[in-house]
Amino acid sequence: MKPGILIVEDEKIIALDLSMRLEELGYAVVAAVSNGLDAINAVEDNRIEVVLMDINLEGEMDGIEAATIIRSKVNLPVIFITAFADEITFRNASLTDPYAYVLKPFQTRELDFTIRTAINQHSLRLKLSESESRYKNLFEGSRFAIAIIDNCGQVKEYNKAAKALLGYLNNTSPNSIDAFFPEDNLALINYKWKKFLEKKVFKGKYSITLTNGKTLFFEYSIQPDVLENQHQLMVRNITPLVEARRNMEYLAQLQQESPHPVMRISLDGKIIYSNPSAQSICRNWLLEYGNYVPDTVFQTISQLNSLHSEEILVINVADRIYSLRLVFIPKEVYINIYFTEITELKQTEKLTNIQKDLVEMVAQGYSLRIVIEELTKKLSEFLGHAPTAIFVCEQNPCAIVESFGFEMPNEVLSELCTIAKDDKQGIIQKAIQSKADILAEFSTELSNQKIASFLVQRDLKYGLAHPVYSEKQELLGCIFLLLKTGNLLGHQQQTMLQMASKVLTLCATRDRAMHSLYKQAQVFENMYDAIILTDSNNIVRELNPVTENLFGYAKSELLGQDLLSLKLFEKNNKLEKLIKYASDNQYNNLRASNLKFVDELNFKNVNGNGGVAEVSVISISSGDNLPSGTLVVVRDVTNSKKVENALSSSESKLVALVENTDDIIFSLDKDLKLITSNTATKNFYQTYLGAEIVPGDFFNLPNAPVLTQKLIQQFKKTLKGESIRQEIHLPLGPGFYFSVAANPIYSAEGIITGISVFTSDVTKRKVFEIELSRTNFELDSFVYRASHDLRAPLRSILGLINVITIETNPDLKFNYVKLIEKSVNKLDKFIADLTDFSRNSRLEIKAEPIDFELILQEIIDNLKYMEGAAETQITIEKKQSAILYSDNARLEIVLQNLVSNAIKYRNPDTDSRLNILIENDANQAIITFSDNGKGIKPEYLNKIFDMFYRASEDSYGSGLGLYITKQIAEKLGGSISVNSEFGVGTTFKISILNFKAKAMAQREATVTTEID
């Protein structure tokens, strides 16, 4: 709403110029007058926020006098406009308490800044005035004598109760703190005041004897720095309490049967006599002071004499509080002490004072933090300095927004706060869930060393959690105490805990209410929708800034007007029907449903421009549930309507794009349940996973539980705002590789509501990468080992030749020649293995019928001169139901390698055997080689198929045999496996694919070529 401005200027040209400038700045000029009388009438008849007043006006009344009268009638900020800046004018104008001055000629920016400053300053003054008024009522209404004292002891202010106290002391106009105390106490008061300025405690008691002989007793204390460098003196009349105590003490007698403790003390503090009721006190003092009274009691005794024969003293003995009446007996020269236990009374009094102080803090508007800090401190002190923590919660039970601790380090409080939020099995959460006090051993459940050390040092073993709920059963917070014992709290302690709970409830409820009101005001002012509030007659009573902007009218132009007569909408009759329909149905037939009634209406603003609005109407009820007004919410949807068609077209194109891609695309909600999926996703689930994918199902990859859990963990990260991209392997059949990208889905409010997942099949690329990596590794190994194994026999041969040339013994020469022959054979075998390796990698598979018996017989004949071949019994068993078509040359290499290995690694201590079982059908052949040789140690089994690997010290081959065997088996569409027991034997099992179809295709191609 534009602030209303009143211009008081007798020069019309200046007034017109000023009016135009103000309107350009966005202000509403309510009126422009030329004399003081018109100005006074204008502020009474119009809604004005600021007065711009020229000091020199036409007529008998100048601007200063007019401002004075206006300020006396209406509390408005006045800004003087003057061309005169002399001291006399300034001093006269200052008497009216103006908010600012603007000198002619003025600048527009300076004028705008001055007006805004005046409006803000006026608003702050109003709030300050309200705050001061509330404070004054509390200050003046207190039944305690209160005075505000500065650092010099001077009295700045005092209330009615303090004035009455001054009357008792015959001090009518106090100027220092001394005025509130009797003259015989001033030395002590001055001493305490000095200590107080050194940050010590300032409190005590004194008495006043009136002219009628009655004695009044007072208790005083000072609260420091209630304002900066100002302190609050509080004096409380405790005469009724003292008289009650005295009456009780006078009833006590120095008889043996007295129920109250009684003692007789010598002037040096020695206990002369005590009755039976005082024995427990005597025993306690005996342990600490021998047969003497404590120093505090002795100091009081030393002040007694014939003139000052009685004194009252309160002491604590073994956690019990006693009121002592000390009486000086002049005749016998000793002191009688009459004890009255006032533990309950004292605690009740203390509890009452604590509650009063805390409630006053709440009433005075102290912040939640200050009140709860004071409550925590008082609670701990009352319960024997039990370390205390208070957790203040939002309506969500796990959302702790404030934590306060007394007598515990900050790191301990921080850890307790973490436990309160996260430990579902802990004392605090159990208390919150059960809505009941939980007292249990706390020290044994902790892993945090800081808290454990804190507890051990103070012998604190138990924890008491006391949840605090509102009347509506909303969690407000939890009070947590650390205790030495597991005993239940006493009556007074329970009362204190209940009082603390009530104060926490009061303070938290007030704080929530204030926050709620503030938020509601902020929401109303900052909503994107226009909001209009009317009464039952459709008269506009309130509206927000968006309404002004949408329709182009000032708030003042709409307030008080009939909404239906304003013609804000093209069809007002439609709005009228909507309002009536909401009023009739919402409260007559559907009262409990709290429905909104919505329609789309065309609107137009003050300039004639219009658009489309979504209008929601809510009927507002009074206390008797009858309609008392209407809340009209107007949302401009003009742009939304314009983009609906374009959006619809865009969405259809996007759907087509998603549906026609080969990539797997789907989305999940925040519970990881399927929302949408494209055709590629459904096809993949049906083809490869054998499952249907249905919206609402929890994300799952059938037959791949490990991968499912891995992806779920990644998706949970995405739900926290993290975009992920990674490659996954789906172990189905030969396996699939996918590139998975997951991104959060955000709502219009910026809240994550789910995730979108884009998956591309990268199996071909991944297989190529794996194969390329393996090939590169093997190539590196091959180059190194090949060069090494080719040169090693040659170096051996050269060395033996050199030895032969110098050797003269024929027998040794023959042996050297045999060694040369062995090296040549080794070299020849290695070259043959390299040839086999090269052929397997390079040549295409030639599918032809396989005759296992013929191949094996040729291999056995070729190996009959091999060392140990004659000692090895080889048996062949065949179970063939179809002809096997495969690569004869490659298969011969495999069979020869396995037969030669069985002979080479036979066990010389047994009859060597090799059993060969051949099983084949139309699909594949399985060949099993079982021997009773040396066997292979377990640690070598997973390495024997590696390139150049030798599993035995007896190995003298190239280390390529089994590697080539495995490569050929895989090339032939099969695999090889080994099972061995060291010292018992080894079994190799090879599976080979039947290439019958390929053989038929090759034969047809050959026939076709021959015909051509």
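What is the order of the strands in the open sheet of five strands with antiparallel pairing that includes S17 and S18? The answer is S17-S16-S20-S19-S18. Please keep in mind that this is a predicted model. This briefing walks through that sheet, then a hairpin, then another open sheet, with a few residues to find on your screen.

**The sheet with S16 to S20**

- At the edges of this sheet lie strand S17, residues 400–406, and strand S18, residues 438–441, and each of them pairs on one side only.
- On average, neighbouring strands here are turned by 15° against each other, with direction ignored.
- Edge strand S18 meets strand S19 (residues 462–469) through four bridges, and the two pair in the antiparallel sense.
- To locate this pairing, look for Ile-438, which stands opposite Ala-465 in S19.
- A helix also belongs in this picture: H12, residues 368–382, packs on the sheet and touches strand S16 (388–393), S17 and strand S20 (475–483).
- The direction of H12 makes about 40° with that of S17.

**The hairpin of S13 and S14**

- Strand S13 covers residues 310–317 and strand S14 covers residues 320–329; eight bridges link them in the antiparallel sense.
- A handy pair to look up here is Glu-311 and its bridge partner in S14, Leu-326.
- The hairpin has two residues between the strands, and Ala-318 takes a positive phi near 55° there.

**The sheet with S26 to S30**

- This is an open sheet of five strands with antiparallel pairing, and its order reads S27-S26-S30-S29-S28.
- Its edge strands are S27 (674–677) and S28 (724–730), each pairing on one side only.
- From one strand to the next, the twist averages 25°.
- Strands S28 and S29 run antiparallel and are joined by seven bridges, with S29 spanning residues 736–746.
- Within this pairing, Ile-728 stands opposite Phe-738 in S29.

**Helices packed on the S26 to S30 sheet**

- Helix H21 (residues 679–689) packs on this sheet, where it touches strand S26 (664–669), S27, S28 and S29.
- The direction of H21 makes about 100° with that of S26.
- Helix H22, residues 705–719, packs on the sheet as well, with S26, S28, S29 and strand S30 (752–761) as the strands it touches.
- For H22, the angle between its direction and that of S28 is about 170°.

**A pointer for viewing strands**

- In a regular strand, side chains alternate between the two faces of the sheet.

Technical notes
Residues are numbered from 1 along each chain as its sequence is written. This is a predicted model: local features need pLDDT of at least 70, side-chain atom pairs count only at pLDDT 80 or more; totals for chains, interfaces and linings use all residues. Side-chain values use heavy atoms; hydrogens and water are left out. Two strands pair if DSSP finds at least two bridges between them. Axes are lines fitted to C-alpha atoms, for helices over the stretch in contact, and angles run from 0 to 180 degrees between N-to-C directions. Contact means heavy atoms within 4.5 Å.
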